[in-house]
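Thanks for coming. I have one model to go through today, and I will keep to its strands, one helix and a few side chains.

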Amino acid sequence: MPIVTVQVTREGTTPDRNSVTAEEKAAIIKGVSEVLLDVLNKPLESTYVVIEEVDLDNWGWGGLPTAQYRRQRAAAARS
């Protein structure tokens, strides 16, 4: 029985949103389950997928908090 944990930042995919939608979560669960079926032959009904939404403030990348890292990359792209 595989248990897969997927961590995502708690933000939307567009500026007007601040969370992952139920539809997006369902797509993640379906996709991860299908990968385990295809790769490891694990039946869909025996695969558990846990989605953890992490506040953006609790996520870091490149040695910086994610929001700061993104601002830095955006500034570099404009230069």
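Take residues 2-65: the C-alpha atoms at the two ends lie 31 Å apart, and the span is 30% helix and 28% strand. Helices here are DSSP runs of H or I with at least four residues, strands are runs of E with at least two, and both are numbered from the N terminus. UniProt lists residues 2-65 as "domain: 4-oxalocrotonate tautomerase-like", in an unreviewed entry. UniProt positions are given in the numbering used here, feature names are shortened, and such annotations may be inferred rather than shown by experiment.

Some housekeeping. This is a predicted model, in which local features need pLDDT of at least 70 and side-chain atom pairs count only at pLDDT 80 or more, while totals for chains, interfaces and linings use all residues. Residues are numbered from 1 along each chain as its sequence is written, and side-chain values use heavy atoms, with hydrogens and water left out.

Now the strands. Strand 1, residues 3-9, and strand 2, residues 48-54, run parallel and are joined by 7 bridges; pairing requires at least two bridges found by DSSP. With helix 1, residues 22-40, they make a right-handed β-α-β unit. Right-handed means that, with the strands pointing away from the viewer, the path from the first strand over the helix to the second runs clockwise.

V6 stands opposite I51 in strand 2. Is I51 buried or exposed? Neither: I51 counts as partly exposed, because its relative accessibility is 21%, and buried means under 20%, exposed over 50%, partly exposed in between, with a 1.4 Å probe and protein chains only. Beyond four places in sequence, I51 is in contact (heavy atoms within 4.5 Å) with V6, V8, K25, I28 and I29.

On to the core. The largest nonpolar core has 5 residues, V6, V8, V20, V32 and V49; such a core is a set of buried Ala, Val, Leu, Ile, Met, Phe, Trp, Tyr and Cys residues joined through side-chain atoms within 4.5 Å. Residues up to four places away aside, V32 touches V4, V6 and V49.

In helix 1 there is also S33, which is buried at 7% relative accessible area. With the same sequence neighbours left aside, S33 is in contact with L44, T47 and V49.

Last, T9 in strand 1. T9 is buried, at 13%, and its contacts beyond four places in sequence are V20, V54, L56, W59 and R70.
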